[in-house]
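Student: I have a model on screen and some questions about how its parts fit together. Can we go through them one by one?

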Amino acid sequence: NEGSSIKTNDLGNLLMYSDGVRIWNSSHTIVPNRNDLIGNISSTNAAFIVLLTLNSRYFYVFTQSGVGQLEIGLRHSVVDMCLDNELGDIMPSQKNILL
């Protein structure tokens, strides 16, 4: 699909990747709080992952909706890398927040 994002640590080890709708962890499994990000796999900029703090625990995952979606706009979710046995998961209270 068109849009995707990948995040590694400083050593180049995979942390997560996203298509704007789902986030996979380093084990290539969808994170538990998963499949309903309000992005679109056909958006050129479907997902963008950015470090939130300097301690590498929290990451913003920005998602962009596609043409024709009912819920439109740029949104963000926060992934906490300490959740799900340190594989990372989306914080439920910090999911699909409209910017």
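Student: Leaving aside neighbours within four places in sequence, which residues is N40 in contact with?

Tutor: This is a predicted model, so local features need pLDDT of at least 70 and side-chain atom pairs count only at pLDDT 80 or more, while totals for chains, interfaces and linings use all residues. Residues are numbered from 1 along each chain as its sequence is written, and side-chain values use heavy atoms, with hydrogens and water left out. N40 sits in the loop between β3 and β4. Counting contact as heavy atoms within 4.5 Å, N40 touches D19, G20, V21, A46, Q64, S65, G66 and Q69.

Student: Is N40 buried or exposed?

Tutor: The scale is relative accessible area: buried is under 20%, exposed is over 50%, and partly exposed is in between (1.4 Å probe, protein chains only). N40 has a relative accessible area of 18%. Because 18% falls under the cut-off, N40 is buried.

Student: Which residue's backbone nitrogen lies 2.7 Å from a polar atom of the N40 side chain?

Tutor: A polar contact is a pair of N or O atoms within 3.5 Å; within protein, one must be able to donate a hydrogen and the other to accept it, and residues adjacent in sequence count only if both atoms are side-chain atoms. Here the N40 side chain supplies one polar atom, and the backbone nitrogen belongs to S42.

Student: How many bridges join β4 to β5?

Tutor: Strands are DSSP runs (E, at least two residues) numbered from the N terminus, and two strands pair if DSSP finds at least two bridges between them. β4 covers residues 47-51 and β5 covers residues 58-64. In this pair, A47 stands opposite T63, and F48 has F62 as its bridge partner. The two run antiparallel, and the bridge count is five.

Student: Which residue in that hairpin takes a positive phi?

Tutor: The hairpin of β4 and β5 has six residues between the strands. The residue in question is in the loop between β4 and β5 and is partly exposed at 41% relative accessible area. Beyond four places in sequence, it is in contact with L51 and M81. With a phi near 65 degrees, it is S56.

Student: Which side chains of β5 point to the buried face?

Tutor: In a regular strand the side chains alternate between the two faces of the sheet. β5 shows this alternation. Y58, Y60, F62 and Q64 point to one face and are not buried. The buried ones, on the other face, are F59, V61 and T63.

Student: What is V61's bridge partner in β6?

Tutor: β5 also pairs with β6. Seven bridges join the two, which run antiparallel. V61's partner there is S77.

Student: How many residues make up the largest nonpolar core?

Tutor: A nonpolar core is a set of buried Ala, Val, Leu, Ile, Met, Phe, Trp, Tyr and Cys residues joined through side-chain atoms within 4.5 Å. Its members include L15, M16, I49, F59 and V61. β2 (14-18) and β5 each supply at least two residues of this core. The total is 11.

Student: What is the order of the strands in the open sheet?

Tutor: Three strands form it, with antiparallel pairing. β1 (5-8) and β3 (23-25) are the edge strands, each pairing on one side only. β2 and β3 pair over three bridges, with Y17 partnered by W24. The order is β1-β2-β3.

Student: Which residue forms a salt bridge with D36?

Tutor: A salt bridge is a side-chain nitrogen of Lys or Arg within 4 Å of a carboxyl oxygen of Asp or Glu. D36 is partly exposed at 44% relative accessible area. Its partner counts as buried at 15%. The closest N and O atoms are 2.5 Å apart, and the partner is K95.

Student: How far apart are the closest N and O atoms of D80 and R57?

Tutor: D80 is in strand β6 (residues 74-80), and R57 is in the loop between β4 and β5, 23 residues apart. D80 counts as buried at 4%, whereas R57 is partly exposed at 29%. They form a salt bridge, and the distance is 2.8 Å.

Terms used
Helices (H or I, at least four residues) and strands (E, at least two) are DSSP runs, numbered from the N terminus.
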